[in-house]
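I opened the notebook to log what I looked up here. Entries are in the order I made them.

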Amino acid sequence: MTDHNDRTPNIPGQRQEHPAANFPPPSGPSLEEKEPRLAALREWWNDAWDDGGFLHDRWEDLRQAPELGWHSMANWVKAAIGLAGICAVIILLDTATDVLADSIRHLLTAVPHVQVGADTSTGVFAVVDQPIRSYIAAHSASLPISASTVYTLWQAVGLFGLVGGFFRSSGARLTWTAFGASSIAMVYSAAPADGRTIATGLAVLAWTAASAFALRGLTLRPTFFTHIHNAGHQIEPHIHLPAPAAPPAEETPDNVHPLQKR
């Protein structure tokens with residue numbers, strides 16, 4: 001049978017040519033072309049680290065920065081330190097924001113759900129607290145947050161206004177004023193009709209009593225500032241001696257002659 005294999009038989013003494021020998025050599029810089037580039041790069045590196053070189057001067061700026069202090073160090077060192085500080089603050093703020101948001105979410109969802117007509121508070125406090133709970137539960141059904149979250153925010157805003165107003169913060173005192181007005185309005189709107197007046201009056205009295213701490217030091221009387229500058233009287237005596245007047249030339253007697261040295 002005939003062998004249909006196309007391979008060329010290996011004849012001893014005959015040189016076989018490899019197919020890859022016909023391919024062109026790979027393109028790219030040769031070794032002779034790379035050597036001048038490496039030599040130029042090495043020369044630039046050595047010149048940069050010599051006295052007066054770019055890298056040598058930058059290293060001297062970094063080495064002398066602790067001794068020179070902030071005001072005398074190089075400007076590029078200040079810029080690098082400032083940029084690094086800004087990046088660190090951004091990273092810390094990003095982390096702190098995530099932690100704070102998670103803490104607030106847990107705080108807002110930790111309170112029980114507010115229900116209309118649920119008497120969860122007792123005593124005199126229930127007269128003011130129960131209408132506020134009922135008002136929030138009735139008007140927060142269409143909001144993307146729950147009624148318990150709104151109630152917790154209402155309490156947090158009131159606490160902020162009370163504490164901040166105690167330390168005489170103007171913004172906190174404005175917040176406390178708005179908190180009291182909105183609380184009184186909610187009590188008046190949601191309190192039972194037969195006890196609405198009593199509930200509103202107790203809410204006003206409670207907010208007024210708490211305002212003694214939140215608005216401490218605040219007075220409605222105008223303040224007058226009188227500046228008295230009393231530097232005292234300064235006496236500086238001055239003696240003025242008039243110059244003697246010269247006699248007229250026509251009145252000088254003839255027998256008066258100036259002294260002459262003999």
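**Entry 1: a buried serine**

I started with serine 148, which counts as buried at 3% relative accessibility. The model is predicted, so I kept to computed values throughout. Serine 148 lies in helix H5. I checked its spacing to alanine 137, eleven residues away in sequence. The C-alpha atoms of serine 148 and alanine 137 are 8.0 Å apart.

**Entry 2: the overall fold**

I then stepped back to the whole chain. How many helices and strands does the protein chain have? I find seven helices and zero strands. Read from the N terminus, the order of elements is α-α-α-α-α-α-α. The chain has 262 residues, and 19% of them count as buried. I noted an exposed area of about 22000 Å² for the protein chain. Carbon and sulfur atoms supply 63% of that area. For contacts between residues at least 6 apart in sequence, I looked up the long-range share: 43% join residues at least 24 apart.

**Entry 3: the nonpolar core**

Next I looked for nonpolar side chains packed together. In soluble globular proteins, such side chains tend to be buried together. The largest nonpolar core here has 15 residues. Those with the most contacts inside this core are Val128, Ile132, Ile136, Trp154, Met186, Val187 and Ala203. Which helices each supply at least two residues of this core? I get H4, H5, H6 and helix H7 (196-214). H6 gives the largest share, five residues.

I followed valine 128 further. Setting aside neighbours within four places in sequence, I find valine 128 in contact with Val187, Leu202 and Ala203.

**Entry 4: threonine 200**

I moved to helix H7, where threonine 200 lies. Is threonine 200 buried or exposed? Its relative accessible area is 14%, so I logged threonine 200 as buried. Leaving out residues up to four places away in sequence, threonine 200 touches Ile184, Val187 and Tyr188. I also checked threonine 200 against serine 189, eleven residues away along the chain. The C-alpha atoms of threonine 200 and serine 189 are separated by 9.2 Å.

**Entry 5: aromatic rings**

A pair of aromatic rings is described by the distance of the centres and the angle of the planes. I count five aromatic pairs. One of them joins tryptophan 154 and phenylalanine 179. The centres of these two rings lie 5.0 Å apart, and the planes are at 35°. I logged the pair as tilted, because stacked would need planes under 30 degrees apart and edge-to-face over 60.

Where do the two partners lie? Tryptophan 154 is in helix H5 (residues 147-166) and phenylalanine 179 in helix H6 (residues 170-190), so the pair ties together parts 25 residues apart in sequence. Tryptophan 154 counts as buried at 18% relative accessibility. Phenylalanine 179 is buried too, with a relative accessible area of 14%. I then found that Tyr151, Trp154, Trp176 and Phe179 form one aromatic cluster.

**Entry 6: charges over rings**

I searched for arginines over ring faces. Arginine 133 lies over the face of tyrosine 151, at 4.3 Å from the ring centre. Tyrosine 151 is also in the aromatic cluster just noted. I logged arginine 216 as well: its charged end sits over the ring of phenylalanine 166, 4.4 Å from the centre.

**Entry 7: salt bridges**

Side chains of opposite charge can pair when their charged atoms come close. How many salt bridges does a search of the whole structure find? I get three.

Aspartate 129 and arginine 133 form one, with the closest N and O atoms 2.8 Å apart. They are four residues apart in helix H4 (residues 125-139), so about one helical turn separates them. Both aspartate 129 and arginine 133 are buried. Arginine 133 is the residue I had already logged over the face of tyrosine 151.

Helix H2 (residues 54-68) holds arginine 58 and aspartate 61, three residues apart, about one turn. Their side chains meet in a salt bridge, 3.5 Å from N to O. Arginine 58 counts as partly exposed at 27% relative accessibility. Aspartate 61 is partly exposed, with a relative accessible area of 22%.

Glutamate 60 forms a salt bridge with arginine 63, with 2.6 Å between the closest N and O atoms. I place both in helix H2, three residues and about one turn apart. Arginine 63 counts as partly exposed at 45% relative accessibility.

Note on methods: Residues are numbered from 1 along each chain as its sequence is written. This is a predicted model: local features need pLDDT of at least 70, side-chain atom pairs count only at pLDDT 80 or more; totals for chains, interfaces and linings use all residues. Side-chain values use heavy atoms; hydrogens and water are left out. Rings of Phe, Tyr and Trp (its six-membered ring) pair if their centres lie within 6.5 Å; planes under 30 degrees apart count as stacked, over 60 as edge-to-face and the rest as tilted. Buried means under 20% relative accessible area, exposed over 50%, partly exposed in between (1.4 Å probe, protein chains only). A charge sits over a ring if NZ of Lys or CZ of Arg is within 6 Å of the ring centre and within 35 degrees of the ring normal. A salt bridge is a side-chain nitrogen of Lys or Arg within 4 Å of a carboxyl oxygen of Asp or Glu. Contact means heavy atoms within 4.5 Å. Accessible areas come from the Shrake-Rupley method with a 1.4 Å probe; for residues, only the protein chains shown count as cover. A nonpolar core is a set of buried Ala, Val, Leu, Ile, Met, Phe, Trp, Tyr and Cys residues joined through side-chain atoms within 4.5 Å.
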